[in-house]
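Please open the model in your viewer and keep the sequence panel beside it, so that each selection below can be followed from one stop to the next.

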Amino acid sequence: MPLLTADLLRRLEQLQLLAQRRARSVSRGERRSRARGQSVEFADHRNYVFGDDLRYLDWNLYGRLDRLFLKLYEEERELPVRIFLDASESMAFGEPVKFDFARQVAAAVGYVALCGFDRVTILPFPENRDEAVARSGLRAVRGRRSAMGMFQNLAQLTARGAADLNAALRRGAIEARQTGLAIVLSDFLDPAGYETGLDALVGRGFQVDVVHILAPEELAPTIYGDLRLVDSETGAQQEVTFGKYRLAAYQRTVQAFCQRLREYCAGRGITYFLASSATPLADLLLKQLRAAEVWR
Amino acid sequence: MSFLAPMAFAFAAAIPVVVLFYLLKRKRVVKLVSSTLLWQKFLAESQASAPFQKLRHNWLLVLQLLLLILVILALARPFFAGEIKGGRLLVAILDASASMQSTDEAPTRFEKARREALALVDNLTDTDQMVVLLAGGNTEVKQSPTSSKAALRRALQTALPSDSPTRLTEALKLAQPLVRDRVGGEIHLFSDGAVSGLEEFEFEGLNVVFHRVGQRAENAGIVTLDVRSNPEDPTRRALFTSVFNASSNVVRTELELLLDGQLVEARPVELPPRETLPEVFFAGQTNDGVFTVRLANPDDLAADNEASIVSLLPQPARVLLVSRGNRFLERALAAVPSAEVTVVTDLAEAAADFDITVLDDVLPTAWPSNNVLAIRSAPTNWVEITGRTEAPAIVDWRTTHPLLRFVTFDNVQISEALTVVPPGWATPIVEAPGGPLILAGEIGRQRVVWLAFDTLQSTWPLRVSFPIFIANVLDWLNPVTARAAQFLVQAGAPLRLPLDGTVTNAVVRLPNGEERRLTLDPAARELVFGETSHRGVYRIELGNRRFTFCANLLDAPETDTRPRPEVRFGKYAAVAAAEARPANVEIWRWIALAGLAILMFEWWFYHKRTA
């Protein structure tokens, strides 16, 4: 099954990622940037100094003031989009599987970025040497024609091993040459937390969007009785006696967990989305992300 | 140290059960999940992370609190406040008469009375004492004064009803000295109220609480039974019986006559409500046997639906007349068909060959040891003669006595009679103002009829009543008749049988088939057997001799099973059936029981929640 349907792709083509900050990339693109260069958008005037290109002199101003001024234009640059994709073992759970959902979101966001002539880097974590080829093919993808290759590489990924969310985000923030848009796709079920990783992204200057993906079973468990629960990543065991009468208490716990993450994000200007892996993809992409002005 | 309710230690058996519950390991299902992070948070929030938490609505908590409250309540042993503080002495008299076996209460009146008595035991305080008396044919002290509820319950549980008439006099006589002059002394009578003959307690002011049982009187029963020879046909026997219908409806049923278990006759009868219907049967008989009369319809009380009587074949009575010549007497004796009369003028030695001796105004040389009709002659140790009266007027005679059946003393004049002080052994059956004229009674085993006047000095021999009287006398003095009367007892009354001293062992077979082996003292003159509380035929083997006794209810007040609203003591005193009385009713058992139920529910509820 393809990651995204043709119909969805066609609708995604009409979308455009919104960047709240000026692009800082060095590569030319279609984004407005603080850099002055060649475009049709007037930005400012400055005094002529010797050696400036006479083509940019403002002759009208010279006629009025009898002084030489140079017209400056905004340079349009590309927007680097970094997608952090949680490929830990915990993402392999759920019905539908959380990782499949996360890949679809990553593919959609990547496709929108590619259509907007932006550079897309998908960073699956944790490290998996078996998938080194596929993973390297997901770095710095440009151009709409590369979309199919990106989709194929995404499809080859598997969710395995234990993730350190903080370390992955921090490293992704540090190694980025230019800041831009960072999208984190994870279930955030990391015992070590997520705070330092998100802080590192924000501190580096990224505009961060978080899509918090949980499986329906995690939101409302269907298992009851005397249970010994085994953590898929750490192998830790937890004995729980759970009955359907305590479902409401469990749901309060989940909501509190999500609410803490949401408040943390709100405090740092991070856009937060909670998505069940059973959410229809079009609903998330075309309604929720649009309403939150991730793109339009 | 002792315990009020040692039975409560049986609850200790629950301790291992509780321990077992905790020994049981909860089997946990292993389940792989994406992450236990959320579960850890959930447990940390739902379990105590701080020493105190907000009190949340939890049914388990509510149940446990309820349980705790109930246990504490039970330990506090609450009771409903009453007026009596304790230290009472209660005498519980349990009526064990035949009517208490009526099944109008479920299962019987007796069982209901027992339940009420047990409830009374439950309500005793620690300082109260109680006595249990079982009033059947004779009164049995089931439990002497005690405050031990276990002993009282045991005494009540082992009490059994009998087929005997109600005899409460004895029980009340036993109870009266116990409760007299005692504050808080009470007699609790558990009965249906079918009692009589309590006149002697009329002015005693007994503190009696009457617990009435019984609802209705759907009962008919045989109240009299007698067998005699048929005067018209000596080969046949006449059975007189009467049936009383205690209910307010007409009862149509069959009255059956059986001889030794073989049906002789079945007669349909219609019993009017609350009336007695006499019936006479005639039946041929070739051997000594037992006649049984049976009512075919089942009713509330079975004990009075059947009655048996031993019928011995009539034997001719050998009569020795010691007389100086009395033609009237000789003719009268000769007219009795079952008598063989021998006439002598003096009695030189004890007349061992004869059944009856008639002493006609003679003083014999040797006194007879058999039954005696003595006319104006008596040794001084029988009667104390104080003088003579001229022409005593006959003022009264007992028409109900068997000797005076069909006998009247109208137109009888007596010229002279001895005056005697009425002796203790005899009943005066004909009386004049100066003293009795005819006495009848038993001295030891000897039946004696004593006349204070010479019949030839009266007009009596000229009257029709004289030969009838002589016939009655011979019938009454005939040892066969006397024996037959001995062999019919009322249930609860003892059987008495004369012994000749040669037998040392006796076997009594009870109506239910059980046997009682008795060892007899060679010096004993009489066998008395008291275990006759059940109606039926008793057979006794005494050496090689066999006797048959019949015990019957034959008691009209007992057959009349109408529950009485009150117990009457004579004419003026009565005790009405008690309603609920104030008493300390402990309820901790019920609370403890409710606690146990809640504990069970809580266990179930806990598992339902987590399942």
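Begin in chain A with the buried residues of helix H7(A), whose cover includes helix H6 (165–175), strand E6 (181–186) and strand E7 (207–214) of chain A. Bear in mind throughout that this is a predicted model. Within helix H7 (residues 195–204) of chain A, select Gly197(A), Leu198(A) and Leu201(A), which are buried. Looking down the axis of H7(A), you will find its buried residues within an arc of 95°, so they line one face of the helix. Just past the end of H7(A), pick Gly205(A), where phi is positive at about 105°.

Stay in chain A and select helix H5 (residues 147–155), in which the buried residues are Ala147(A), Met150(A), Asn153(A) and Leu154(A). Their directions span an arc of only 125° around the axis, and therefore they sit on the same side of H5(A). The elements covering the buried residues of H5(A) include H3, strand E5 (119–125) and helix H4 (132–136) of chain A.

**The nonpolar cores**

In soluble globular proteins, nonpolar side chains tend to be buried together. The largest nonpolar core here has 76 residues, and the members that touch the most others are Ile83(A), Phe84(A), Ala106(A) and Leu185(A). Colour helix H3 (residues 98–115) of chain A next, since its twelve residues are the biggest contribution of any element to this core. Then centre the view on Phe84(A), whose contacts, leaving aside residues up to four places away in sequence, include Leu123(A), Phe125(A), Ala168(A), Leu169(A) and Leu185(A). Apart from this core lies another, of 52 residues, with Leu321(B), Val322(B), Trp382(B) and Leu418(B) among them.

**Where the two chains meet**

How many residues does each chain bring to the contact? Chain B supplies 23 residues and chain A supplies 30 residues. On the side of chain B that touches chain A, the elements giving two or more residues are strand E1 (29–33), helix H2 (37–46) and helix H11 (588–610) of chain B. Of these, select H2(B) with particular care, as it gives the most to that side, with nine residues. Colouring the same side of chain B by class should show ten nonpolar, six polar and seven charged residues.

Now display the backbone of strand E8 (residues 225–231) of chain A together with E1(B), for these two pair in the parallel sense over five bridges. One bridge to pick out joins Asp231(A) to its partner in E1(B), Val33(B).

In helix H11 of chain B, go on to Ala597(B). Is Ala597(B) buried or exposed? It counts as exposed, because it has 12 C-beta neighbours inside 10 Å. Add Leu67(B) to the selection and draw the C-alpha to C-alpha distance, which is 9.0 Å although Ala597(B) and Leu67(B) are 530 residues apart in sequence.

**Two sheets of chain B**

With the whole of chain B in view, you have eleven helices and 32 strands before you. Buried residues account for 36% of the 611 residues in chain B. Of the contacts in chain B between residues at least 6 apart in sequence, 69% join residues at least 24 apart.

Select the open sheet of five strands that has the order E4-E3-E2-E5-E6 in chain B, with mixed pairing. Its edge strands, each pairing on one side only, are strand E4 (139–146) and strand E6 (208–212) of chain B, and the twist from one strand to the next averages 15°. Inside the sheet, strand E2 (residues 89–95) and strand E3 (residues 129–135) of chain B are parallel and share seven bridges, and Ile93(B) has Leu133(B) as its bridge partner in E3(B). Helix H4 (residues 109–122) of chain B lies across E2, E3, strand E5 (185–191) and E6 of chain B, and runs at about 170° to E2(B). Helix H5 (residues 149–157) of chain B also packs on the sheet, where it touches E3 and E4 of chain B and makes about 170° with the direction of E4(B).

For the last stop, select another open sheet of five strands in chain B, ordered E24-E30-E29-E26-E27 and mixed in its pairing. Strand E24 (488–490) and strand E27 (515–519) of chain B form the edges, while the twist averages 25° from one strand to the next. Four bridges join strand E26 (residues 505–509) to strand E29 (residues 536–542) of chain B in an antiparallel arrangement, and Val508(B) can be found opposite Ile540(B) in E29(B).

Technical notes:
Residues numbered from 1 in each chain as written. Chains lettered and ligands numbered in written order. Predicted model: local features only at pLDDT ≥ 70, side-chain atom pairs only at ≥ 80, totals over all residues. Pairing = 2+ DSSP bridges. Axes fitted to C-alpha atoms, helices over the stretch in contact; angles between N-to-C directions. Contact = placed C-beta atoms within 7 Å. Nonpolar A, V, L, I, M, F, W, Y, C, P; charged D, E, K, R; others polar. Buried ≥ 20, exposed ≤ 12 C-beta atoms within 10 Å, placed from the backbone. Core = buried A, V, L, I, M, F, W, Y, C linked by C-beta atoms within 7 Å. Arc of directions from axis to C-beta.
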